[in-house]
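Me: I would like to go through this model slowly and ask what stands behind each label, so please set the values against the cut-offs as we go along.

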Amino acid sequence: MEQRHLGRTGLRVSRIGLGTLTWGRDVDEHDAADMLKAFWEAGGTLVDTADVYGDGEAEYLLGQLIEGLVPRRDLVISTKAGSVPDPDRRFNGSRGHLLAALDASLARLGTDYVDVWHVHAYDPDTPLEETLQALDLAVSTGRARYAGVSNFCGWQLAKAATWQLAAPGTRTRLASTQLEYSLLQRGIEREVLPAALDLGIGLLPSSPLGRGVLTAKYRHSTPSDSRGASEHLALFVEPYLDDTATRIVDAVQTAADGLAVTPLQVALAWVRDRPGVAAPIVGARNAQQLAGALSVEALTLPDEICRALDDVSAPVHRYPDHDWSTL
């Protein structure tokens, strides 16, 4: 699998990442082992997790598989901290919480360091410089090799990245940002993506298959074994089952038919090769599903297909994102 630099850093990652959102809950240890081995054998390196996935079970399960199945040195492990199961405070970006969460993640993963550590979300109740200092301390103490943020909007990302760049050698530059991005969700193209490109921050798209909808499995009904029928994830899928999504999925299916590939391959290849993208994070239920995503390595979409998909899925970006003089 092709390797790409993560933002403006020396770290290289596989251009498809393996997500673990459902590990330890909907994905058991046997399926997780099969996927991790298949991913590694295909040349994949980037494995993404978080301290809240499965209430910590995802990290623990990944830790159990490291070394016994796949050498730690062959993986680029990314995890996140900052989301908390508290209805009164969804995010905690305080230095104390973040560093304690990182130590707990390392214990579950059974490793001395993570390759990339992300703040899971922006915390409006904590000064941003305090949150970012936790990243600096994590890197300076060797607990994390690189740092990034997740689910920051455009101004939040630009402010954080600029703060870090203001003291080179003292503060660690942001290597990456992780947000949802797909043909069904192109909102980051308004401000986040331009900021990331300008500041040299690599984008790690989550839900690159539109929460599974871009595989076209929901075109006519909701499969009983799908996330759309899952007690945990049905509400997660539902927003992308509207008429707008149907029109985009139909276009993806048409492109797939013309190229003799699957809708999954078309949708994943589109987001993988967008400007600024380092590696889409793919979450699969089993090795068979993962194989479909890994098969996209050999596919590059023709320019005319990309333009057609761009047009059918184009978000409305007006003032001030476009030149005001044309309005």
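Me: What share of the contacts in the protein chain with a separation of 6 or more comes from residues 24 or more positions apart?

Reply: In this predicted model, residues 24 or more positions apart account for 78% of the contacts in the protein chain with a separation of 6 or more, where a contact means heavy atoms within 4.5 Å.

Me: How many helices and strands does the protein chain have, and why is it called as compact as a globular protein of that length?

Reply: The protein chain has 11 helices and 10 strands. Its radius of gyration is 19 Å, and the globule rule gives 20 Å for 327 residues; the two values are close, so the chain is as compact as a globular protein of that length. Along the principal axes, the C-alpha atoms fill a box of roughly 55 × 50 × 40 Å.

Me: What part of the 327 residues is buried, and what does the accessible surface of the protein chain come to?

Reply: Buried residues make up 53% of the 327 residues, buried being under 20% relative accessible area. The accessible surface comes to about 14600 Å², and 50% of it belongs to carbon and sulfur atoms.

Me: What makes Tyr122 and Phe152 an edge-to-face pair?

Reply: Their ring centres are 5.5 Å apart and their planes stand at 85 degrees; because rings pair when their centres lie within 6.5 Å and count as edge-to-face over 60 degrees, both conditions are met. The pair links distant parts of the chain, with Tyr122 in the loop between β6 (114–119) and α4 (128–140) and Phe152 in the loop between β7 (144–150) and α5 (154–165), 30 residues apart.

Me: How do you know whether Tyr122 is buried or exposed, and what about Phe152?

Reply: Tyr122 has a relative accessible area of 17%, which is under the 20% limit, so Tyr122 is buried. Phe152, with 1%, falls under that limit too and is therefore buried.

Me: Which kind of pair do the rings of Tyr122 and Trp155 form, and why?

Reply: The centres of these two rings are 5.6 Å apart and the planes are at 70 degrees, so the pair of Tyr122 and Trp155 is edge-to-face. This pair also links distant parts of the chain, since Trp155 lies in helix α5, 33 residues from Tyr122. Trp155 has a relative accessible area of 48%, which lies between 20% and 50%, so Trp155 is called partly exposed. Ring pairs link Tyr122, Phe152 and Trp155 into a cluster.

Me: Which residues of helix α2 (residues 57–65) are buried, and what do they pack against?

Reply: The buried residues in α2 are Ala58, Glu59, Leu61, Leu62, Gly63 and Leu65. They pack against α1 (29–41), β4 (46–48), β5 (76–81) and α3 (95–109). Just after α2, Glu67 takes a positive phi of about 80 degrees.

Me: What is phi at Asp55 and at Arg211, and why is one residue called exposed and the other buried?

Reply: Asp55, in the loop between β4 and α2, has a positive phi of about 55 degrees although it is not a glycine. Its relative accessibility is 74%, which is over 50%, so Asp55 counts as exposed. Arg211, which is also not a glycine, has a positive phi near 60 degrees and sits in the loop between β9 (202–206) and α7 (234–237). Arg211 has a relative accessible area of 17%, under the 20% limit, and is therefore buried.

Terms used. Residues are numbered from 1 along each chain as its sequence is written. This is a predicted model: local features need pLDDT of at least 70, side-chain atom pairs count only at pLDDT 80 or more; totals for chains, interfaces and linings use all residues. Side-chain values use heavy atoms; hydrogens and water are left out. Helices (H or I, at least four residues) and strands (E, at least two) are DSSP runs, numbered from the N terminus. The radius of gyration is taken over C-alpha atoms; the globule rule is 2.2 Å times the number of residues to the power 0.38. Buried means under 20% relative accessible area, exposed over 50%, partly exposed in between (1.4 Å probe, protein chains only). Accessible areas come from the Shrake-Rupley method with a 1.4 Å probe; for residues, only the protein chains shown count as cover. Rings of Phe, Tyr and Trp (its six-membered ring) pair if their centres lie within 6.5 Å; planes under 30 degrees apart count as stacked, over 60 as edge-to-face and the rest as tilted.
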